[in-house]
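Colleague: Could you take me through one part of this model in detail? I would love a close look at the sheet and what packs around it.

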Amino acid sequence: MPGARYGMDAPYGFGFVGLVVLGFWGTGLVMAVTADLAAALPALVSGTLLAGCLALSLHVTLRGKFLVWRDVLDELDLRGDERLLDLGCGRGAVLLAAARHLPQGRAVGVDLWRGRDQSGNTPAATLRNARAEGVADRVHVQGGDLRRLPYAEASFDLVVSSLTVHTIFGADARAQAIAEAYRVLRPGGRLLIADLARTPREYAAVLTRLDAQDIHVRGLGWRAWWGSPWVPTRLLTARKPATP
């Protein structure tokens, strides 16, 4: 069985930034040849800085996020029989890592599988990866809108999401998605959402209004920096009360 392939997050964004980098470098080189180096320096420096940001983002999508979620999932100390939901599972990077922790459990992924969010983004690709990772027997995927999840109340012990909720346009719509994630949690269940910049604190405010417990937001370190230290990924964690 060939190895799992998880594609690249935001492929069009990477392509655009790459073209901008080449444009700066090309302009700088032309100016250096036809004019003088001092005039070329701004373009060369700008291109180099953007190239560094691009390299950092590539590290996150190809390696960093896997290392971060490995540590996050290890910290949960799961029993192994939980039922887990991954919001915006894509090709399964987090979903399948979680499934490896659930030999007697179930890992469910829901997504719209949009190509602009991830290259080669299809349910079939997710299931191929599940087979390659040896966890297909405990993985299920389903199309669905995060604002209207197709699951009954109190269906899951754990709900996770990685870099997805911020793609929903509008604070009210994102709040609806967070409320849905909380709705499908069982009493005592846990919620973990990794997302960009200030959005996890936005979600924390929603969960506070829903009377969630143990709400915390923390940074995930340089391995999850998208382009620069000023665009960090933060992890929101919360728990649904065990009793109403």
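Modeller: Happy to; here is the sheet, followed by a helix and some side chains. This is a predicted model, where local features need pLDDT of at least 70, side-chain atom pairs count only at pLDDT 80 or more, and totals for chains, interfaces and linings use all residues. Residues are numbered from 1 along each chain as its sequence is written, and side-chain values use heavy atoms, with hydrogens and water left out.

The sheet is open, has seven strands with mixed pairing, and follows the order β3-β2-β1-β4-β5-β7-β6. At its edges are β3 (139-143) and β6 (213-219), each pairing on one side only. From one strand to the next the twist averages 15 degrees. Strands here are DSSP runs of E with at least two residues, helices are runs of H or I with at least four, and both are numbered from the N terminus; two strands pair if DSSP finds at least two bridges between them.

Strands β5 (residues 185-196) and β7 (residues 233-239) run antiparallel and are joined by seven bridges. R190 stands opposite R239 in β7.

Helix α5 (residues 171-183) lies across β1 (83-87), β4 (156-162), β5 and β7, with contact meaning heavy atoms within 4.5 Å. The helix runs at about 145 degrees to β5; axes are lines fitted to C-alpha atoms, for helices over the stretch in contact, and angles run from 0 to 180 degrees between N-to-C directions.

As for side chains, Y151 and F156 are both buried, that is, under 20% relative accessible area with a 1.4 Å probe, protein chains only.

Terms used. Buried < 20%, exposed > 50% of the residue type's maximum accessible area, 1.4 Å probe, protein only.
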